[in-house]
Amino acid sequence: MIPRPALILGLSGLLPFLWGVATLLSPGLAQLTLDVIGPRFTGPFVMIAYGVVILCFMSGVLWGFAARGAETAWTGYALSVGPALWAFFFVGGGPTQALTALITGFVVLLVIDLQFSRWGLTPHWWMPLRLILTSVVVLCLAAGLWLG
């Protein structure tokens with residue numbers, strides 16, 4: 001069972017991705033967002049900016065897990081920096097390229113999460129939570145590609 005705080009905060013972390021899709025689906029909401037807080041918080045732009053933040057955040061989480069595994073330390077540390085480096089080097093070049101790179105980054109992140117779980121470095125509830133969150137994120141990013 002996923003601990004309630006982890007589930008609630010994890011699901012809350014989906015809001016910027018969902019907001020991006022909502023502004024693509026609703027011209028009125030997109031205009032209100034533009035008027036109140038600016039273009040960075042609409043459509044693919046909010047999903048790209050926040051997606052980079054989350055990939056970098058997850059690198060830090062994985063680094064913490066790597067610190068727990070003496071036998072897999074080098075491999076764990078190397079894998080843990082991958083999502084942040086991916087975001088730095090490959091997310092850019094316009095919305096289509098950035099969203100595609102983020103989708104790839106989040107799918108690969110899930111594979112890395114699975115490996116850390118197999119090494120016994122994550123809590124037992126980690127993969128069910130990561131599957132939920134990654135599924136929604138990838139669907140939102142794909143919607144950004146399709147609708148944007």
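Is Leu102 buried or exposed? Leu102 is buried, with a relative accessible area of 0%; buried stands for under 20%, exposed for over 50% and partly exposed for what lies in between, with a 1.4 Å probe and protein chains only. This is a predicted model, in which local features need pLDDT of at least 70 and side-chain atom pairs count only at pLDDT 80 or more, while totals for chains, interfaces and linings use all residues. Residues are numbered from 1 along each chain as its sequence is written, and side-chain values use heavy atoms, leaving out hydrogens and water.

**Around Leu102**

- Leu102 sits in helix H6 (residues 95–118); helices (H or I, at least four residues) and strands (E, at least two) are DSSP runs, numbered from the N terminus.
- Beyond its neighbours within four places in sequence, Leu102 is in contact with Met47, Ile48, Gly51, Val52, Leu55, Val91 and Leu141, where contact means heavy atoms within 4.5 Å.
- One of these partners, Met47, is 55 residues from Leu102 in sequence, and their C-alpha atoms are 9.2 Å apart.

**Aromatic pairs**

- The structure holds eight aromatic pairs; rings of Phe, Tyr and Trp (its six-membered ring) pair if their centres lie within 6.5 Å, and planes under 30 degrees apart count as stacked, over 60 as edge-to-face and the rest as tilted.
- Among them is the edge-to-face pair of Phe17 and Phe106, with 6.1 Å centre to centre and 90° between the planes.
- That pair links distant parts of the chain, since Phe17 is in helix H2 (residues 15–25) and Phe106 in helix H6, 89 residues apart.
- Phe17 is buried at 1% relative accessibility, and Phe106 is buried at 2%.
- The rings of Trp63 and Tyr77 have centres 4.5 Å apart and planes at 45°, so this pair is tilted.
- Trp63 belongs to helix H4 (residues 43–66) and Tyr77 to helix H5, so the pair ties together parts 14 residues apart in sequence.
- Both residues are partly exposed: Trp63 has a relative accessible area of 43%, and Tyr77 has 25%.
- Phe17 and Phe106 also join Tyr50 in one aromatic cluster.

**Nonpolar surface patch**

- Trp63 appears again here: with Val81, Leu85, Phe88, Phe89 and Phe90 it forms a nonpolar patch on the surface, with about 660 Å² of accessible area together.
- Patches are made of residues with over 30% relative accessible area and no salt bridge, joining like charges within 9 Å and nonpolar side chains (Val, Leu, Ile, Met, Phe, Trp, Tyr) within 5 Å; the areas come from the Shrake-Rupley method with a 1.4 Å probe, and for residues only the protein chains shown count as cover.
- Helix H5 (residues 73–90) gives the largest share of the patch, five residues.
- Leu85 lies in helix H5 and is partly exposed, at 45% relative accessible area.

**Salt bridge**

- A search of the whole structure finds one salt bridge, meaning a side-chain nitrogen of Lys or Arg within 4 Å of a carboxyl oxygen of Asp or Glu.
- Asp113 and Arg130 form this bridge through their side chains (2.7 Å, N to O).
- The bridge links distant parts of the chain, with Asp113 in helix H6 and Arg130 in helix H7 (residues 126–147), 17 residues apart.
- Asp113 and Arg130 are both buried.

**Cysteines**

- There are zero disulfides in the structure; a disulfide is a pair of cysteine sulfur atoms within 2.5 Å.
- The closest cysteine sulfur to that of Cys56 is in Cys140, 19 Å away, which is too far for a bond.
- Cys56 is partly exposed at 35% relative accessibility, whereas Cys140 is buried at 6%.
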